[in-house]
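Look over the model shown here. The report covers its cysteines, one helix and its enclosed space.

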Amino acid sequence: MESQNLKKAGLKVTLPRMKILELLERSEDRHLSAEAIYRQLLEDGEEIGLATVYRVLTQFEAAGLVNRHHFEGNQAVFELERGRHHDHIVCVNCGRVDEFMDDIIEERQKAIADKLGYTIKDHALILYGECNKPDCPHRPKG
């Protein structure tokens, strides 16, 4: 499956590309930093350097396989392009990222663009808040 995705994106199939794509596809966390990917590869016994991880992620982004996000106060994170639009809400305390889709918000954005004489080509909505989960697994320990 992964090799087909790489070939379809016009990328040569290499071990680092395969391992990174596989990790992105199986990860429960859909928004991973290059450093988190690198750490997971090390834990999996893979000898892929951090510079290679960055290079591969940049290639994936250029090929449309991943999207890069810069959530406020955090390093860049990457998520697989899954072909469906969604927005994000980010906890300013623990960094947790949740995805959501709301038809009313989408319709309102289109109405505003129409009123102002625009045609929306792309957009990203990021809400910042504080998660209220007392047992939040993303909250830093200590």
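A search of the whole structure finds zero disulfides, a disulfide being a pair of cysteine sulfur atoms within 2.5 Å. The sulfur of Cys91 has its closest cysteine sulfur in Cys94, 3.6 Å away, too far for a bond. The table gives the burial of each; buried means under 20% relative accessible area, exposed over 50%, partly exposed in between (1.4 Å probe, protein chains only).

| Residue | Relative accessible area | Class |
|---|---|---|
| Cys91 | 6% | buried |
| Cys94 | 13% | buried |

This is a predicted model: local features need pLDDT of at least 70, side-chain atom pairs count only at pLDDT 80 or more, and totals for chains, interfaces and linings use all residues. Residues are numbered from 1 along each chain as its sequence is written, and side-chain values use heavy atoms, without hydrogens and water.

Helix α4 (a DSSP run of H or I, at least four residues, numbered from the N terminus) covers residues 50-62. Its 13 residues should span 18 Å at 1.5 Å a residue, and the end C-alpha atoms agree at 19 Å apart. Thr52, Val53, Val56, Leu57 and Phe60 are the buried residues of α4. They lie on the same side of α4, because their arc around the axis is only 130 degrees. Ala51 and Ala62, on the other side of α4, are exposed. Gly64, just after α4, has a positive phi of about 80 degrees.

The largest cavity (points on a 1 Å grid where a 1.4 Å probe fits but cannot get out) has a volume of about 30 Å³. Its lining residues, with an atom within 4 Å of a point, include Leu24, Asp29, His31 and Phe78. The lining divides into four nonpolar, one polar and three charged residues.

How values were computed: Helices (H or I, at least four residues) and strands (E, at least two) are DSSP runs, numbered from the N terminus. The expected span of a helix is 1.5 Å times one less than its number of residues. The arc is that of the directions from the helix axis to the C-beta atoms. On a 1 Å grid over the protein atoms alone, a cavity is a set of points where a 1.4 Å probe fits but cannot get out, and a pocket is an open set with protein on both sides within 12 Å along at least five of seven lines; lining residues have an atom within 4 Å of a point. Grid points are joined across faces, edges and corners, and a volume is the space filled by probe spheres set on the points. Ala, Val, Leu, Ile, Met, Phe, Trp, Tyr, Cys and Pro count as nonpolar, Asp, Glu, Lys and Arg as charged, and the others, Gly among them, as polar.
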